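Reader: I'd like to learn how to read the inside and the outside of a protein model. Could you walk me through one?

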Amino acid sequence: MKNLIYILLFPVIVCSQNNNIIDVKKSNKIVFSTDFGAQFYYGNKFLDSDQFSREGFILNFNLFLKKRKKKYIIKSNAIVSLSNAMSKKINIYNPEINTNFTTRAPNILACNINYSLSIQSELKYNLYHAICLKFRVFPIFYKKGKVMNSYIYSFGGSIASESNGSLPDLEKAMQLSYQMLYKLTNTSNIYITCFFNSDWTFKKSQIGSLYPGVSFKFEKIINQNIKVPWLSRFRK
């Protein structure tokens with residue numbers, strides 16, 4: 001519960017920072033933004049046979065740092081991600097008894113802390129593209145929707161849904177993506193992302209299956225110049 005309160009207060013704490021200009025290099029400015037959008041990916045298996053997709057909505061709170069290297073921009077991003085995979089029906093075929101039946105994948109509300117590293121370059125005026133690698137650093141919680149009348153939900157603290165034997169949520173442990181970014185204004189962007197999700201983690205070294213998907217997001221920059229203690233000391 002304490003972690004959940006911190007997450008809810010996170011945007012308020014960041015937006016309350018003083019926005020005066022810091023006398024440091026532009027590349028050392030930490031930016032706070034939020035983005036919201038829809039996401040879809042395919043390839044999950046039910047009972048190790050029938051494949052199904054997960055789709056839903058995602059809300060991210062981002063703290064990122066950009067550094068320009070000649071024609072490229074390197075972006076390091078810490079993300080608090082809140083996602084909801086929508087409930088859906090799954091059609092199952094059992095060849096042993098030649099029977100079709102339908103089950104339901106529940107909606108799963110999940111919150112994770114992620115980290116991403118991307119290399120970005122400009123294609124033409126206000127249009128950029130990038131390659132991005134994202135990892136799940138710490139799963140905070142997930143809440144599973146109704147499955148049967150006697151089983152309303154489950155709540156896992158500091159654990160991902162698939163780690164607890166549940167069906168997967170809207171994200172995986174790792175993601176490799178190609179992004180197209182269009183800058184609407186200096187503080188708002190539109191992202192279209194094609195990606196491959198993976199279950200790979202440091203504890204699970206085998207790459208295994210890849211899950212292709214696509215997402216569409218709108219980003220709004222809230223604070224372009226966050227004061228943090230280590231930058232204040234560096235300034236001195």
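Author: Sure, let's start inside. This is a predicted model, and its largest nonpolar core has eight residues: Ile 30, Phe 32, Phe 61, Val 80, Cys 111, Ile 140, Phe 141 and Ile 226. Strands β1 (30-46) and β7 each supply at least two residues of that core. There's also a second, separate core of six residues, with Phe 46, Ile 92, Ala 105 and Leu 167 among them.

Reader: What about Asn 44: is it buried or exposed?

Author: Buried means under 20% relative accessible area. Asn 44 comes in at 3%, so it is buried. You'll find Asn 44 in strand β1.

Reader: Which residues does Asn 44 touch, leaving out those up to four places away in sequence?

Author: Asp 50, Gln 51, Phe 52, Arg 54, Pro 168, Lys 172 and Tyr 211. With Lys 172, the side chains make a polar contact at 3.1 Å. Look at Ser 209 too: it is 165 residues from Asn 44 along the chain, yet their C-alpha atoms are separated by 8.9 Å.

Reader: Now the outside. Which residues make the nonpolar surface patch?

Author: Tyr 72, Ile 74, Ile 113, Tyr 115, Leu 117, Ile 119, Val 137 and Phe 138 make a patch of about 700 Å². The elements giving two or more residues to this patch are β3 (72-85), β6 (108-124) and β7 (127-144). β6 gives the most, with four residues.

Reader: Why does Ile 119 count as partly exposed?

Author: Partly exposed runs between the 20% and 50% cut-offs. Ile 119, in strand β6, has 48% relative accessibility, so it counts as partly exposed.

Key. Residues numbered from 1 in each chain as written. Predicted model: local features only at pLDDT ≥ 70, side-chain atom pairs only at ≥ 80, totals over all residues. Heavy atoms only, no water. Patch = residues over 30% accessible without salt bridge, like charges linked within 9 Å, V, L, I, M, F, W, Y side chains within 5 Å. Areas by Shrake-Rupley, 256 points an atom, 1.4 Å probe, with all protein chains shown as cover. Salt bridge = Lys/Arg side-chain N within 4 Å of Asp/Glu carboxyl O. Buried < 20%, exposed > 50% of the residue type's maximum accessible area, 1.4 Å probe, protein only. Core = buried A, V, L, I, M, F, W, Y, C linked by side-chain atoms within 4.5 Å. Contact = heavy atoms within 4.5 Å. Polar contact = N/O pair within 3.5 Å; in protein donor to acceptor, adjacent residues only side chain to side chain.
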